[in-house]
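Trainee: I have a model open and would like to talk it through with you. Could we go step by step, from the overall fold down to single residues?

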Amino acid sequence: MQNDGITRAVAFLQHPQWSCSLGGTCLNHLWSSLTSLGMENTFQWSVIDRWGTNSLFAHAIAKSVQDSLDQIPFFARKRGVLLFTAPSVDVGSLAMGDTYVQEVSETAHTVMQQLNYSHQYMLAWTKSPFQVSSLEPNASQMIQSLGAQGRDAVVVIPVDATCDNFQTQYGIDRLMRQVGQSAGVRHFKKLPGLNDSNSLHKALVDIVLKHFAGQTPHSHQYRLRCPGCTNPECRRVINPPQK
């Protein structure tokens, strides 16, 4: 970037919802790397730190949800359940005031508004095998419970990332599908990642344009540190543009 003569940069987090343990960790690493390289003043930085309620992003997900529902036979489709999912984070960060759960919930509600609340829906969490403590309810357990209730159509909707990854491809596509089939969920659908879809591209362009139009280096919420946070470097922006 420096060799190309770039002087203005935007840290655009690709987790739509803010989380201290995800986006916060990434930004803290970026700022510390710039400091260790002596490049604190090389670029003017701003941050796109959360965008989970962007209307075009929600529309892209809603369109994919409808496409998945259309693949389910009509009578099963009518009683289908939409299961929004996101990776769990450590419960300790939430105890300090992390807003992750609220923000994922807001994304789910925004998508449901786009769908006119056409189906019943839930939110559950996927867990890494390395996590000691995690959020509940667990997505796999919810699928088992839905199957036990006679719900034979479930659409799983990951809302935490813009592209397919190991957790969605293996954890949901394979493991959750097996759980669902053994529980009697005959029509199991998982939304494909938005990846290189035109609808996602339009959403990302819209987010960036609004960021520059706002002429602020971060969202209104960004500077609000978690009440229990002990990291003095958290929620900063190195060398932001001057108004």
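What follows is a short set of questions and answers on this predicted model.

Trainee: Let's begin with the overall picture. How many helices and strands does the protein chain have?

Mentor: Walk along the protein chain from the N terminus and the elements read β-α-β-α-α-β-α-α-β-α-β-α-β-α. Tallied up, the secondary structure comes to eight helices and six strands.

Trainee: What radius of gyration does the protein chain have, and what would a compact globule give?

Mentor: The C-alpha trace spans about 60 × 40 × 30 Å along its principal axes. For 243 residues, a compact globule would come out near 18 Å. The protein chain agrees with that, at 20 Å.

Trainee: What share of the exposed area comes from carbon and sulfur atoms?

Mentor: Start with the cover: buried residues make up 44% of the 243 residues. The protein chain still exposes about 12,500 Å². Of that area, the share supplied by carbon and sulfur atoms is 55%.

Trainee: Now the strands. In which sense do strand 1 and strand 2 pair, and what is the handedness of the crossover between them?

Mentor: Strand 1 (residues 8-12) and strand 2 pair over five bridges in the parallel sense, with A11 having V47 as its bridge partner in strand 2. The chain gets from strand 1 to strand 2 through helix 1 (residues 20-36). So the pairing is parallel, and this β-α-β crossover is right-handed.

Trainee: Which strands are at the edges of the open sheet?

Mentor: The open sheet has four strands in the order 4-3-5-6, with parallel pairing. An edge strand here pairs on one side only, and that singles out strand 4 (120-126) and strand 6 (187-190).

Trainee: Which residue stands opposite L82 in strand 4?

Mentor: Strand 3 (residues 81-87) pairs with strand 4 in the parallel sense over seven bridges. Within strand 4, the residue opposite L82 is Y121.

Trainee: At what angle to strand 4 does helix 6 run?

Mentor: Helix 6 (residues 139-148) lies across strand 3, strand 4, strand 5 (153-158) and strand 6. Relative to strand 4, helix 6 runs at about 140°.

Trainee: Is D206 buried or exposed, and which residues is it in contact with?

Mentor: D206 is found in helix 8 (residues 198-214). Its relative accessible area is 17%, and buried means under 20%, so D206 is buried. Leaving aside neighbours within four places in sequence, D206 is in contact with N54 and L56.

Trainee: What is unusual about the backbone, and where is the cis peptide bond?

Mentor: Most residues other than glycine have a negative phi, and most peptide bonds are trans. Y117, in the loop between helix 5 and strand 4, has a positive phi of about 50° although it is not a glycine. P137 is found in the loop between strand 4 and helix 6. With omega near 5°, the cis bond is the one from E136 to P137.

Trainee: Is Q215 buried or exposed?

Mentor: Q215 lies in the segment after helix 8 and has a positive phi of about 55° without being a glycine. Its relative accessibility is 64%, and the cut-off for exposed is over 50%, so Q215 counts as exposed.

Notes:
Residues numbered from 1 in each chain as written. Predicted model: local features only at pLDDT ≥ 70, side-chain atom pairs only at ≥ 80, totals over all residues. Heavy atoms only, no water. Pairing = 2+ DSSP bridges. Helix = DSSP H or I, 4+ residues; strand = E, 2+ residues; numbered from the N terminus. Rg over C-alpha atoms; globule rule 2.2 N^0.38 Å. Buried < 20%, exposed > 50% of the residue type's maximum accessible area, 1.4 Å probe, protein only. Areas by Shrake-Rupley, 256 points an atom, 1.4 Å probe, with all protein chains shown as cover. Contact = heavy atoms within 4.5 Å. Axes fitted to C-alpha atoms, helices over the stretch in contact; angles between N-to-C directions.
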